[in-house]
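Colleague: I have the sequence and the coordinates open. Can we go through them together, one point at a time?

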Amino acid sequence: MADYNVIVIGAGPAGYVAAIRCAQLGMKTACVDKWINSEGQASLGGTCLNVGCIPSKALLDSSHHYYFMQKQAATHGIQCDNVTMDITTMQARKAEVVKTLTQGIAGLFKKNKITSIAGTAKLADNKQVIVTGIDGQTISADNIIIATGSTPVQIPIAKFDNEFILDSTGALDIDKVPERLGVIGAGAIGLELGSVWSRLGSQVTILEALPEFLAMADRKIATLAQRELKKQGLTINLNAQVTSVTVANDEVTISYSDQQLVVDKLIVAVGRKPHTDNLAAAEIGIQLDERGFIQVDEQRQTAVAGIYAIGDVIGGPMLAHKGSEEGVMVAELIAGQKSEMSYATVPFVVYTHPEIAWVGKTEQQLKSAEIEYKVGQFPFAASGRARANGDINGMVRVIADAKTDNILGVHIFGTNASELITEAVVAMELEASAEDLARTIHAHPTLAEALHEAALGVDGRMIHA
Ligand code: FAD
Ligand code: NAD
């Protein structure tokens, strides 16, 4: 008999959620994770809690307060002379937030009677897992869920040294505001961490290889966001082909598209790759694609029966909430329940200020699929609540099918877009029409009224614009 019903490998947002759901469903569950924090202690939560979503949002929040006090507080009558920023305190606060939340996962494991095993897992035949490290042991299970996540992509001409050339983890740990900061990649990490250090005083230049800014986003929203970020002081150079990076005399020189950029530190944020090092997945018959992502079927089962994979390691949107939902689905499938998740309604958010958020299709995708659509769009400048808040940048765009009126996509650039987008996700999950949203009563005054107005706009009947 196997030691466990389920062993989960990896305690990031995919793995720890899967483990909790398995335990809730009555399965004897163990979760193996190898993360060791800077204090030498095992730390659950994976990339997201330790060096991803959470610490980056802590720094975004701190840097936003600083920016607000310097640039915007005076308009509220608040005089903030000689505002200073203590980076050590900011970083200590970030570390505390991370510690509280990672310990919280350990508490949840205890509550759910999940065996938490600290160490590196290697797969062996017959669903055995060999763990080396703090809690070294060999264990077996009826089912295994692989949730080993991803790591930053390194480009050969700019190898990480985490002193001058930083990956996202190094970029979260900078202890002194660099005068000049370069970033390769204008994706979510480049824009978020670029914003943090720009708000704190760095001269930030972002080099993006593609000709379009945020190519995945709605074009109107991307254009507005690009313009606003430029106003905030971020230089974003598109079509930038980086050809060489050299470090000398405490400076980094980047050659790109016949130009040169000299900075004090360089962040490389060009994507993440699946993490299967030393897992021996291929050796036991699990198939990987040419980029190293574990291949799974619709039920997220690998080529080996009873071994599943979820989260960043299988590709798709590399987002915490996508991995968590896959964790829930796989746990329920293992328990014999019917379960599925809807990839069409995974929300995307970039936590700049204002935030960029979307769900569903963009106009450009609908055009190329030759689907007829109608658009309603409402600017936050016409929202009473946005005016009262003093934050009027951006707009909401609702895109609906021209024939059925079903909502096909919602795109937002605005304060709290990360929260507002959930209304659109729920609407789309329930296959709502723009008319359904338009007939839904929204509290006044709220930013969500902009979504209501944009839904009215699909039928040309906005009230406040
Ligand atoms: P991970 O979180 O990477 O966790 C995998 C875990 O498996 C790790 O703890 C690892 O140590 C462990 N592991 C790996 N191999 C083994 C092994 N052999 N044995 C034992 N343990 C192993 N996403 C969002 O949705 N919103 C955001 O705001 C956001 N911000 C981000 C900001 C930054 C700076 C970064 C880097 C990422 C951000 N992401 C964000 C992405 C998000 O962090 C990932 O999509 C998410 O963490 C993936 O979850 P996962 O569980 O698949 O893998
Ligand atoms: P990304 O894929 O979001 O963006 C990488 C960017 O780098 C792209 O725009 C790409 O065109 C560009 N690029 C690639 N190679 C380049 C090169 N050689 N020169 C110049 N530009 C180049 O990746 P990321 O920003 O590193 O983030 C990694 C993952 O983490 C993403 O999948 C992202 O979804 C996730 N993440 C999400 C959030 C969020 O949800 N808010 C925040 C941070 C990270």
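Colleague: Where does Leu 214 sit?
Modeller: Bear in mind that this is a predicted model. Two elements frame Leu 214: strand 10 (203–207) and helix 7 (219–231). Leu 214 is in the loop between strand 10 and helix 7.

Colleague: What is the phi of Leu 214 near?
Modeller: Leu 214 is a residue other than glycine. Its phi is nevertheless positive. The value is near 45°.

Colleague: Is Leu 214 buried or exposed?
Modeller: Buried means under 20% relative accessible area. Leu 214 has 13% relative accessibility, so it counts as buried.

Colleague: Glu 370 is not a glycine. What is its phi, and where does Glu 370 lie?
Modeller: Phi of Glu 370 is positive, about 55°. As for its place, helix 9 (363–368) is on one side and strand 20 (373–379) on the other. Glu 370 lies in the loop between helix 9 and strand 20.

Colleague: Is Glu 370 buried or exposed?
Modeller: The cut-off for exposed is over 50%. Glu 370 has 72% relative accessibility, so it counts as exposed.

Colleague: Which bond precedes Pro 354, cis or trans?
Modeller: The peptide bond in question runs from His 353 to Pro 354, with omega near -10°. Pro 354 is in the loop between strand 18 (348–350) and strand 19 (355–360). The bond is cis.

Colleague: And what is omega for the bond from His 444 to Pro 445?
Modeller: That peptide bond is cis as well. Pro 445 is in the loop between helix 12 (434–438) and helix 13 (449–458). Omega for the bond from His 444 to Pro 445 is near -5°.

Colleague: Now the open sheet of 5 strands. What is the strand order?
Modeller: The pairing in this sheet is parallel. Strand 8 (165–166) and strand 11 (235–237) are the edge strands, since each pairs on one side only. The order is 8-15-9-10-11.

Colleague: Which residue in strand 10 is the bridge partner of Gly 182?
Modeller: Strand 9 covers residues 180–184. It pairs with strand 10 in the parallel sense, over 5 bridges. In strand 10, the partner of Gly 182 is Thr 205.

Colleague: Is Glu 192 buried or exposed?
Modeller: Glu 192 is in helix 6 (residues 188–199). Its relative accessibility is 7%. The cut-off for buried is under 20%. Therefore Glu 192 counts as buried.

Colleague: Which residues does Glu 192 touch, leaving out those up to four places away in sequence?
Modeller: One group is Ser 56, Lys 57 and Leu 60. Glu 192 also touches Val 349, Val 350 and Tyr 351.

Colleague: Let us step back to the whole chain. Why does it count as being as compact as a globular protein of its length?
Modeller: The protein chain has 13 helices and 22 strands. For 465 residues the globule rule gives 23 Å. The chain is as compact as a globular protein of that length because its radius of gyration is close to that value, at 23 Å.

Colleague: What share of the residues is buried?
Modeller: The chain exposes about 21,500 Å², and carbon and sulfur atoms supply 50% of that area. Of the 465 residues, the buried share is 52%.

Colleague: Last one. How far apart are the mean positions of the positive and negative charges?
Modeller: The chain has 38 positive and 52 negative charges. Their mean positions are apart by 2 Å.

Note on methods: Residues numbered from 1 in each chain as written. Chains lettered and ligands numbered in written order. Predicted model: local features only at pLDDT ≥ 70, side-chain atom pairs only at ≥ 80, totals over all residues. Heavy atoms only, no water. Helix = DSSP H or I, 4+ residues; strand = E, 2+ residues; numbered from the N terminus. Rg over C-alpha atoms; globule rule 2.2 N^0.38 Å. Buried < 20%, exposed > 50% of the residue type's maximum accessible area, 1.4 Å probe, protein only. Areas by Shrake-Rupley, 256 points an atom, 1.4 Å probe, with all protein chains shown as cover. Lys, Arg positive; Asp, Glu negative; His and termini not counted. Charge placed at Lys NZ, Arg CZ, Asp CG, Glu CD. Pairing = 2+ DSSP bridges. Contact = heavy atoms within 4.5 Å.
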